[in-house]
Amino acid sequence: LSFMVRDSGLKTIVTSSSRVTQAKNLGDVRFCHVDQLPAHSGGVRALGLTSEDLAYVIYTSGSTGLPKGVQVPHRALTNFLLSVQREPGLTAADRLLAVTTLSFDIAGLELWLPLISGATVILAGADEAKDPAALSNLIGKHDVTMMQATPITWNALLHSGWAGKKNLKALCGGEPMTRQLADSLLDACGEVWNMYGPTETTIWSTISRVHPGDGSISIGRPIANTEIYILDRHLNPVPFGSDGEIFIGGDGLARGYLNRAELTAEKFIAHPFKNNARLYRTGDLGRYLTDGNIICLGRTDSQVKVRGFRIELGEIESVLEKHPFVRKAVLATQEDSDGGKELVAFWMGKEGNGDPAPAESELRRFLGDRLPTYMVPTAWQRVSALPLTPNGKIDRKQLPMINLRQAALQDSILRPRTSFEREIAESWKKLLKVPDVGITDDFFELGGHSLLAMRLVAGLRTKYKIDLSVGKFFQEPTIQALAAHVENLVKEFVAERQKQPTLQPEGEAVTV
């Protein structure tokens, strides 16, 4: 946050007075407290903006260890909104549930699309957005007709027992959509749409309405005023059915990266087929199908998507290599038992310093102090050497597989002591697919992730008939803390039931 304040030249933070304490150490910025502003009585002043003025700058992961600010002009945002207003389509009669954090650019669709369409937007709170039961309740309570989310959120909603809604239009993006998820959503919703696009080309660049079938899910066709090229390494178009890198052009292109002219020139290249135009090099592999739809085949570089977050592996590696006992670090992803991706770390220690190698928990803390939680690897392995290609580069394909569910199990564990701890421990073992757990083990260090956490909480909520918060579990993800919280909620539930009057045969109310 401090870096983004400095890099962007931020002058003012618009917030409420109660949240100023959350913005410490952000430099010399002014706070505008919206809850303390006087009522506006003056006229509206025209700003004289043009389509090429910036609408926003949003930061994404960077391979050098520092985020990079993507500069999106009004032209790009307006083109996107008007296009998706037509297809998948939103009208004044629609009600959209917004579940995305503002630090993810797809939140732009959830806020501005209803605004320009006269539709209603329902804002899910931060805890509600993580809680499938709360989302299910919001969808029904507000008669929601459109919701956009990543595959992990849709999966969590479906696994929580959500019955679906036949007039709901489901938009899915941020990670590849599996056929299994597509079929489940098609059974639950009226329409399902798959969306694709990097931040640098403004939220989504292609869309595809998903239909029943047994094939891969395509990313569809370009939105309005957008060009998609599949090119080889010489920037020549590849034949239909052949693989190449996806390049994007048209009105959706960002201006470039803020204060990063060199990186802008590398990623936003001169258009090989048009004068005075540019293409964005996505780093994604793709293939044009004969019907004009596009299949996305993954990355050409070290950038990955993990649970909806775009992550540069090099960013984590560069930070980890700053640890005084780490000589070299390599990050990779492995697929877990649910088909999702998890980060794994391989590292080589520095020789001859005389001190013992740092524990995995120390490396976790080191990264956790410097990077967001979703960028801290699930599993770790120290290696004496890293596999190399014939030309001396690290061969990521030859990195060993790590048992994700057992990688973080401790040798000595504290056993469950109460019935609540024992029952929750059994739930953990089934979800995490591990032979044993201790009451002080961290759910996420054992290979858990937010989807599994949502399943766990949903199961406990149903079993004990309590209003258990997902956010509470994220704050203290141990069996010991969770069991104590569940036990207190159960006691409160029983006490509340005992206060309720019961009717005697004569109809007289008494308290038991």
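Let me start with helix 9, residues 313-320, which lies across strand 20, strand 21 and strand 22 and runs at about 150° to strand 20. This is a predicted model, and what I say should be heard with that in mind. A second helix lies across these three strands as well: helix 10, residues 360-368, running at about 120° to strand 22.

Now the sheet itself. It is an open sheet of 3 strands in the order 20-21-22, and the pairing is mixed. Strand 20, residues 326-335, and strand 22, residues 379-382, are the edges; each has a single partner strand, so one side of each is left without a neighbour in the sheet. On average, neighbouring strands here are turned by 20° against each other, if direction is ignored. Strand 20 pairs with strand 21, residues 341-349, in the antiparallel sense, and that pairing runs over 9 bridges. If you want one pair to find on the screen, take T333, whose bridge partner in strand 21 is L343.

Next, the salt bridges. How many salt bridges does the count come to? The count comes to 16 salt bridges. I will go through a few of them.

One is between the side chains of E312 and K68, at 3.5 Å from N to O. This pair links distant parts of the chain: E312 belongs to strand 19, residues 309-312, and K68 to strand 4, residues 68-73, with their positions 244 residues apart in numbering. Are these two residues buried or exposed? E312 is buried, and K68 is buried too.

The next pair is D143 with K165, where the closest N and O atoms are 2.7 Å apart. It also links distant parts of the chain, 22 residues apart: D143 is in the loop between helix 5 (132-141) and strand 7 (146-149), while K165 is in strand 8, residues 165-172. The two ends differ in burial class. D143 has a relative accessible area of 39%, so it counts as partly exposed. K165 has a relative accessible area of 14%, so it counts as buried.

A third salt bridge joins the side chains of E421 and R417, at 2.7 Å from N to O. Which of the classes does E421 fall into? E421 is buried, because its relative accessibility is 3%. R417 is exposed, because its relative accessible area is 51% and the cut-off for exposed is over 50%.

Beyond single pairs, there is a network of salt bridges that links K169, E191 and R209.

Last, the surface. Which residues form a nonpolar patch there? They are L82, L102, L111, W112, L115, I116, V121 and L123, and together they have about 750 Å² of accessible area. Two elements, helix 3 (107-117) and strand 6 (120-123), each supply at least two residues of the patch. Helix 3 gives the most, with 4 residues. I116 lies in helix 3. Its relative accessibility is 41%, so I116 counts as partly exposed.

To recap, for anyone who wants to look at the model afterwards. On the sheet, start from strand 20 and strand 21 with their antiparallel pairing, then look at helix 9 and helix 10, which lie across the strands. On the salt bridges, E312 with K68 is the pair I described as buried at both ends. On the surface, go to helix 3, which gives the most to the nonpolar patch.

Technical notes: Residues numbered from 1 in each chain as written. Predicted model: local features only at pLDDT ≥ 70, side-chain atom pairs only at ≥ 80, totals over all residues. Heavy atoms only, no water. Salt bridge = Lys/Arg side-chain N within 4 Å of Asp/Glu carboxyl O. Buried < 20%, exposed > 50% of the residue type's maximum accessible area, 1.4 Å probe, protein only. Patch = residues over 30% accessible without salt bridge, like charges linked within 9 Å, V, L, I, M, F, W, Y side chains within 5 Å. Areas by Shrake-Rupley, 256 points an atom, 1.4 Å probe, with all protein chains shown as cover. Pairing = 2+ DSSP bridges. Axes fitted to C-alpha atoms, helices over the stretch in contact; angles between N-to-C directions. Contact = heavy atoms within 4.5 Å.
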